[in-house]
Every structure is written in C-alpha cells, then in structure tokens.
2 protein chains.
Amino acid sequence: MNILEKITNELDMLSKSERKVAEVILASPNTVIHSSIAALAKQANISEPTVNRFCRRLDTKGYPDFKLHLAQSLANGTPYVNRHVDENDSADEYTSKIFESSMASLELARKSLDANDINRCVDVLTQANKISFFGLGASAIVAHDAQNKFFRFNVPVVYFDDILMQRMSAINSRQGDVVVVISHTGRTKSLVEVASLAKENDATVIGITTTGTPLAKECSIVLSVDVSEDTDLYMPMSSRIAQLALIDVLATGFTLRRGSKFRDNLKKVKDSLRSSRFERKD
Amino acid sequence: MNILEKITNELDMLSKSERKVAEVILASPNTVIHSSIAALAKQANISEPTVNRFCRRLDTKGYPDFKLHLAQSLANGTPYVNRHVDENDSADEYTSKIFESSMASLELARKSLDANDINRCVDVLTQANKISFFGLGASAIVAHDAQNKFFRFNVPVVYFDDILMQRMSAINSRQGDVVVVISHTGRTKSLVEVASLAKENDATVIGITTTGTPLAKECSIVLSVDVSEDTDLYMPMSSRIAQLALIDVLATGFTLRRGSKFRDNLKKVKDSLRSSRFERKD
DNA sequence: AGAAAAAATGAAATTTTATTTCATAAAATA
DNA sequence: TATTTTATGAAATAAAATTTCATTTTTTCT
C-alpha cells in the first residue's frame, strides 16, 4: 500500500511527537526522501529516536527502509488515471490526458484478464483448422490487426467487418473452427447473433469483450477486457487499445506454443519484407 | 530517467569492476534496495568504494541516494527495462510483459510528441477539403481506425492499405487536401513515394513516423512517434498502439477545435447506433 | 486528588553504514 | 619498455541510524 496513504490513515494511532513527524513528511515528502534522520528530527522539533519509532510503527524496518517506501510512493503517486479531456485543454494537456488514459486502460485490462483463459484460447487457436475474427466499428480494426498477425503464422485466417459476411461465415463454420468475436460493449445485436450462430455450428467461439455482457454469455471462452468507460468524446478510444494488446498476447502465446522451428519460419517472413524498405545507414 | 535503463545504456562506459556491480543490480534490483553497500560489494566481489564510485558515475549523490532512485524505478507504473518475452514464460508472465511494454511505448511516444506539431496538424485537418489516411501492414489498421474516427466528423475521408490505390489517390490530390502517411519504420519505399507524390501535388502531407526517417523528410509536418525498437521476434508491434493513441489525440483536437455545436452533432451520431444494441439492464 | 503504573521522549552511547584518503595494481600511451 | 593514467581496495574517518536508559509525561486506579 502507498505509504503516504498509510500515514494519513494511521495518523490518530500516533503519539503527539510522532504526529509531528507525520505532518512534516506529509507536508513535503519530496524533501524528506533526501533528508537524514537528524535533519527530519530537527525539522519536526523532536528527537531522532522518535523518528525511528515512527518508522517502525508504520511497519518499516527503520528510517532508511521508510525512505525507500516513501520514494516508491512518490515515484508514481497514483500511476495512470483516467483523466477526461476538458474543453479548454491545450494540445499538450489533452495529449497527456489521452496517453495517460490509454495507459490506465491497459493496466485495468491487464487486471481483468485471466491467465487460464488465455492459455485455453492459445490451446484452441493452435489447434484450429481455421480462425475467423469478427468486429464492427472500432473493434473491426482489432479484428483486422488480428488477421494481420495470424496471417504471418501461415494458418487459414479471415476477418470480416461486414455483418452479412460475418453471418455467412458463421453459418458455414464447423467443428475445429475458431471464431473470435470482438466487441467492447458486448451488446451489438448482430455480433451476438453471429456468436450464437457459430456456436450452433460447433465452432469454438472466443469472445473479447466486457465481463457479463450478452456477447460474453454466448461464447465458449470469454477473454474479459474491462476498461473504464469510453464516454469521453463519444467515440471508442482506449477499449480498442487494450484489445490490441490482448491480440498481441494471443499471438505471442501462439508462437511460443508452436515451438522454435516455427519461430525460425516467422523470421523468414519478416526478412522477406526487407527489400521493400530503404536501408538504414547507421 | 529510469535508473535501470540508465545502467543498461551506460554499461560500456563502466570499468570492469563497476560492470560487475551493474550486473548484480540488474539481476535482482529488488534485493539490492534492501542491501547495504557492504552486502552489495560482497555480492559483486568488489570493494565498497567501487560501489560508491559506481553510484556517482550514474549521477547520484552516493549509495543511499542511488537506492532511492532504484526504488523509484521499481515502483509500479514504471515498467522494467528488460521485459522481453522469454521462451519459458508462463501465460501470466508474457501477458504482463506485453501489457507493460505497451504502456512503456505509450509513455515513450508521448515524450517524443511535440504539442506545437499537434496543433498545426489539427489546424490543417480542420481546414481540409479531404483527408486521406495511408498505411501498410500494421500501420494499415491505424489508417483504418483513423478513417473510422474522422468519418464520424462528417468530413470527406478515405483510407487505403493498397499500394496502387494509395498512388492513384496521391496523384489526384490537390491543394487543400491532407494526406496522412503512417509508417513506423518510415522506410517503406512505396509509402515514401506516395508522400512525395502527394506533396508534389500540393497536398499537405502529415507523417506519423519515427524521427529522422526517409518518410519524415518528405512530409510537411511530422508527428514523431518514437517507441523502443520492435526488434524482438515475439515482441509485438507496440508502435501501432502508440500511433492509435495519437489518432485519438488528433481526433480529440479536431472536435475541440470545431466547438460545442459540432460536438452535439457527434452525440447524434452516437445515439443513432443505439438501436443496434441490446439495452443495458443496470 | 494523589500515588502507582504505563507510555512517551530524548541524551548519550553504540553500532552500523557510507565515504574519503591514500597506497598499490592494472591498463593505456608514448 | 618507461611513463602516465586510470582503476581498485585496505584502512581510516565521517556520517547516519539504532539502542540503551534515565527522565518526563500521561494514564489508570484507588
């Protein structure tokens, strides 16, 4: 736990002198991490042993250890928070906010993912006869990206961002096929139907969506990607970034599962692109 | 700067003994922050003054100060440097690594971006007669996403991930048109040519690429998205995630610049999608 | 209220830890 | 190969943190 919060919480468990220490620390923690125990004691008008006792009361080993904890708390007070863009923000401000929100979403999404589910998906994907990725709107680009990635693995893979094609493809699916349905809201009717159709036709349906949505209920395996609401500017933002990171995870799991020979092959694919590029001169 | 990265970077500036210290630290930084200078010296098989000199070479005041920096580097939010996926990683491990690397890329990318350039791009985009987004491979999906976003703004926007269509479109561009060319490497021949063609035809060319690449040289405005190299085979392209965040930034800048009436309109677009969704019951 | 017990506090002593000094060894340069 | 530069560690010193213990303050109990 953040030691600054802890100090605040336990403020009334402390003795009078110890509280003086706490106040000095809370007032300017950044100074404290560069102070010796003597300097801090003087600052708070108490003795050095008191500072030491204060540190121990907060379950640290002593003053140096306490400073370590404090430094860590200050490193990233509250790491990445979702900050909403405001009408009067400067370019610099909204840029920072958007990047930080994206990072916050990645952190959140990471927490909502379950390693076991990922493992199962990788199992299923490595054994698939055919893999299809479906998405609409912002999630369409995630499906598109997935196709790009899996195409390199030399497995039959398609992606559709068209309702009719998705339906047809789902109806034609069969046992051994894997259908990956991507939707942040998990409430897009046609996608939920597509998932259900694919399942009826014995395909394994993987859902990349938010926990507990109608889509999640239709899937064989659900990869939960929960991010804070994309309410900001009326368009999806961070959800698709988290979904893309998940695609990376699946693709990575895939290559790892397939073993080293497979990876040599991948390298060849990569090298084959070289001639289309200008050489680097460094 | 993250002191772990710094150690890695300056590894070859260090003397033989100092390097031993560096290696011990990189191997288990979490142990080191709880070690005394004597313990660390013993661990690295060198003397205490050497540890001290090592600390000073990294621009810290001494060993305790160094530990403070190290503790901050290890605090959560600041991803660990060497987060490459390893052959024997468990699902949980590679998932964490990938998410953390993506976050690191976002942070890096934000630092490389210049608010003035973003402002200029937003200017240009809001005044464009027509906007085209071009990308290939992984960057194609970024172009795709950009089209999705800008389409909602009710401005003429196209995206192409096909070399020929890109060329034709570039040749047909004219003054007042904006062409956004997206490429992480900035060395894809056909894209560099497309940028140059568009420029010859008086379009404003915005490049979303790495600083100092051939593509960057052809552009009217360059938005630098520098991320750590995607050299590793299993390491996914975090570049595209950073590029997407930048698209969000541009789209946000666009809506802010266009004012509140414009945003009301956007809300209508969003509401129009409602009927295609299952209602939320909460 | 007042005595006894408990808790808090700081001065001084001690211990631990970090830093400096300096002599020697290793490496680079001429 | 001789000379200079740089790197290194042993020992001394300095700094910082911790412990001990006597004193003060607070609390509890009669």
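Select DNA strand D and display the atoms that come within 4 Å of the protein: 77% of them belong to sugar or phosphate, and the rest belong to bases. The model on screen is a predicted one.

**First stop: around DNA strand D**

Extend the selection to the protein residues that surround DNA strand D, of which there are 18. The closest are A:Ile37, A:Asn52, A:Arg56, B:Ser15 and B:Ser17. Colouring this surface by class gives six nonpolar, seven polar and five charged residues.

Next, show the helices. On the chain A side, α5 and α6 each supply at least two residues of the surface near DNA strand D, and on the chain B side α2 (16-27) and α5 do so. The largest share, four residues, comes from α5(A).

Three contacts with phosphate oxygens of DNA strand D may now be inspected in turn. At A:Ile37, a polar backbone atom is 2.4 Å from a phosphate oxygen. At A:Tyr63, a backbone N or O atom lies 3.1 Å from a phosphate oxygen. At B:Ser17, the atom to look for is in the side chain: a polar side-chain atom lies 2.5 Å from a phosphate oxygen of the strand.

**Second stop: around DNA strand C**

Turn to DNA strand C, which 18 residues surround. The closest are A:Ser15, A:Ser17, B:Ile37, B:Asn52 and B:Arg56. Of the atoms of DNA strand C within 4 Å of the protein, sugar and phosphate account for 78%. The surface near this strand consists of six nonpolar, seven polar and five charged residues.

Select α2 (16-27) and α5 (48-57) of chain A, then add α5 (48-57) and α6 (63-74) of chain B; each of these helices supplies at least two residues of the surface near DNA strand C. With four residues, α5(B) gives the most.

Again, three contacts with phosphate oxygens are worth displaying. The side chain of A:Ser17 has an N or O atom 2.4 Å from a phosphate oxygen of DNA strand C. A:Ser47 places a polar backbone atom 3.0 Å from a phosphate oxygen of the strand. For B:Ile37, a polar backbone atom is 2.4 Å from a phosphate oxygen of DNA strand C.

**Third stop: where the two chains meet**

Hide the DNA and select the residues in contact between the chains: 78 residues from chain A and 80 residues from chain B. The area buried between chain A and chain B is about 7100 Å², with carbon and sulfur atoms giving 64% of it.

Six salt bridges are counted between the two chains. One of the pairs to display is A:Glu100 with B:Arg110, whose side chains meet in a salt bridge at 3.1 Å, N to O. Across the interface, 12 residue pairs are in polar contact.

Colour the side of chain A that touches chain B by helix. Several helices each supply at least two residues, among them α6 (63-75), α7 (91-112), α9 (138-151) and α13 (238-258). The most comes from α7(A), with 14 residues. By class, this side of chain A divides into 37 nonpolar, 18 polar and 23 charged residues.

**Last stop: A:Ser102**

Remain on helix α7 of chain A and select A:Ser102, which is found there. Is A:Ser102 buried or exposed? Its relative accessible area is 2%, so A:Ser102 counts as buried, the cut-off being under 20%. Beyond residues up to four places away in sequence, A:Ser102 touches A:Ser238, A:Ile241, B:Leu106 and B:Ala245.

Conventions: Residues are numbered from 1 along each chain as its sequence is written. Chains are lettered from A and ligands numbered from 1 in the order in which they are written. This is a predicted model: local features need pLDDT of at least 70, side-chain atom pairs count only at pLDDT 80 or more; totals for chains, interfaces and linings use all residues. Side-chain values use heavy atoms; hydrogens and water are left out. A residue is near a molecule or strand if one of its heavy atoms lies within 4 Å of it. A polar contact is a pair of N or O atoms within 3.5 Å; within protein, one must be able to donate a hydrogen and the other to accept it, and residues adjacent in sequence count only if both atoms are side-chain atoms. Ala, Val, Leu, Ile, Met, Phe, Trp, Tyr, Cys and Pro count as nonpolar, Asp, Glu, Lys and Arg as charged, and the others, Gly among them, as polar. Contact means heavy atoms within 4.5 Å. Buried area is the accessible area (1.4 Å probe) that two parts lose on being put together, summed over both. A salt bridge is a side-chain nitrogen of Lys or Arg within 4 Å of a carboxyl oxygen of Asp or Glu. Buried means under 20% relative accessible area, exposed over 50%, partly exposed in between (1.4 Å probe, protein chains only).
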